[in-house]
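Colleague: I want to learn to read backbone and burial features. Where do we start?

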Amino acid sequence: MKVSVDRGVCYGSAECAHRAPSVFAFEDGFGVVRPGREESGGDPQVREVAEKCPSQAIALTE
Ligand code: SF4
C-alpha cells in the first residue's frame, strides 16, 4: 500500500516526521514521504500517523 502527502492540504504541523521519522520527513514547511518509503502504507505505525494527521493530508492507497 502506498503512502503520500498532499501538500495542498498539509499545514505543516510536523507531527508525521516526529511520529515516524523513518518514513516521513519535514521539508520546506511540509511533511514529505522519504524517498524509497512510498510503499510503507501497510505499516501499522504509518496508518496511525495518517489517522492522527491534523489536516488529513496523508493518503494511503493501493
Ligand atoms: S502530520 Fe499532516 S499536517 Fe502535519 S506535517 Fe505531516 S502531513 Fe502535514
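Modeller: Start with Q56. Q56 is exposed, with a relative accessible area of 67%. Exposed means over 50%, buried under 20%, partly exposed in between (1.4 Å probe, protein chains only). This is a predicted model: local features need pLDDT of at least 70, side-chain atom pairs 80 or more, while totals for chains, interfaces and linings use all residues. Numbering runs from 1 along each chain as its sequence is written, and side-chain values use heavy atoms, without hydrogens and water.

Colleague: Which sign does the phi of Q56 have, and where does Q56 lie?

Modeller: Its phi is positive, about 55°, although Q56 is not a glycine. Q56 lies in the loop between α2 and β4. Helices (H or I, at least four residues) and strands (E, at least two) are DSSP runs, numbered from the N terminus.

Colleague: And A14: buried or exposed?

Modeller: A14 counts as buried because its relative accessibility is 12%. A14 also has a positive phi, about 70°, and is not a glycine. The loop between β1 and α1 holds A14.

Colleague: How do I read a helix face?

Modeller: An α-helix has 3.6 residues a turn, so residues three or four places apart point the same way. In α2, residues 44-52, the buried ones are V46, V49 and A50. They share one side of α2, because their arc around the axis is only 100° (directions from the axis to the C-beta atoms). P44 and E51 are exposed on the face turned away from it.

Colleague: What do the buried residues of α2 pack against?

Modeller: Contact means heavy atoms within 4.5 Å. Their partners are β1 (2-5), α1 (15-19), β2 (24-27) and β4 (58-61).

Colleague: How many residues surround the ligand?

Modeller: 13, with a heavy atom within 4 Å. C10, S13, C16, C53 and S55 are the closest.
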